[in-house]
Amino acid sequence: MLLALSALLFSLMGVGIRELSTTVNNESVVFFRNLVGVLFFLPLVFWRGVAPLKTTRLRSHLWRAFFGLAAMYCFFYAIAHLPLADAMLFTYSAPVFTPFIAYFWLKEPLTKKIAAAAAIGFCGVLLVAKPSDAIFEAIALVGLAASILAAFAFVSIREMSDSEPAFRIVFYFALFSTLLSAIPMLWAWQPLNAQQLSLLALVGVLATTSQIIMSKAYSLAPPGVIGPFAYLAIVFSALIAWWQWHEVPSLSSCIGAVLIFISSLAALWANRQPSNNKG
């Protein structure tokens, strides 16, 4: 139930971004989404004090913010210019690239089964990207970049998770992302009316709430059990986009979605095999 709610909120966030993209530039959408995240955490900081925020790994937090923020710029741009379900598919394609990045960055083992599962997922990504005579359409490359950058962000979180709790990681991401995304506002600032500001605030609240609910869901059940259900966001997005904008996913996108989902299940199965063999 929690994961379904998180997926629905994430889908509604995508709808809000799509609506905003017709009148508000991408730089403003990203900045206000991060700003709302900081404002959301301020009461927690006042309540718990600054002691839980002390860290010796600011460089790691900066890397996480860099990758996560870059992925956010690409993802929000893809939402504005791609069918909503396709944009969501690119977001949930990050696990396809994570094993390879973790192998080179963290020296984590890469088994043949995990590599094969990732290869299946990559075929799905290619089908969503819809290769053309020019290899990829430009906007599909932006979506693909969002997937790869998000994978780097996930691995950066894993790299510092041995000493940094989730609260600290999320807080510094919100803080650094707000500061970094404020820089483009020096030349990209635009006047905003009350309706636009309200929708920007709503997008930020939906994104932050979805993230918190997702974290809660993962704390209540093993990732292998609930992880695949995160793809409900794609289903919700496709239904909303069909109802709101009459968007119908192409056959290649549907096949790609199935391959990405199969890849996710296969990777989870491969990761659980050793423990099963020990039993």
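User: How much area does the protein chain expose, and what share of it do carbon and sulfur atoms supply?
Analyst: This is a predicted model, and the area is therefore a value computed from predicted coordinates. The protein chain exposes about 14200 Å². Of that exposed area, the part supplied by carbon and sulfur atoms is 72%.

User: What percentage of the residues in the protein chain is buried?
Analyst: A residue is taken as buried when its relative accessible area is under 20%. Applied to the 279 residues of the protein chain, the buried share comes to 47%.

User: How many helices and how many strands does the protein chain have?
Analyst: From the N terminus on, the elements of the protein chain run as α after α. The count is accordingly zero strands and 13 helices.

User: Why does the span of helix H7 agree with its number of residues?
Analyst: Helix H7 covers residues 138-160, which is 23 residues, and at 1.5 Å a residue these should span 33 Å. The end C-alpha atoms of H7 agree with this expectation because they are 34 Å apart.

User: At roughly what angle do the axes of helix H3 and helix H8 cross, and what is the handedness of the crossing?
Analyst: The axes of H3 (residues 58-81) and H8 (residues 166-182) come within 8 Å and cross at roughly 60°. The contact includes Leu62, Gly68 and Met72 of H3 together with Ile169, Phe173 and Leu180 of H8, and its residues divide into 11 nonpolar, four polar and two charged. The angle is thus roughly 60°, and the crossing is right-handed.

Notes: Residues numbered from 1 in each chain as written. Predicted model: local features only at pLDDT ≥ 70, side-chain atom pairs only at ≥ 80, totals over all residues. Heavy atoms only, no water. Helix = DSSP H or I, 4+ residues; strand = E, 2+ residues; numbered from the N terminus. Buried < 20%, exposed > 50% of the residue type's maximum accessible area, 1.4 Å probe, protein only. Areas by Shrake-Rupley, 256 points an atom, 1.4 Å probe, with all protein chains shown as cover. Axes fitted to C-alpha atoms, helices over the stretch in contact; angles between N-to-C directions. Left-handed = near helix turned anticlockwise from the far one by under 90°. Contact = heavy atoms within 4.5 Å. Nonpolar A, V, L, I, M, F, W, Y, C, P; charged D, E, K, R; others polar. Expected span 1.5 Å × (residues − 1).
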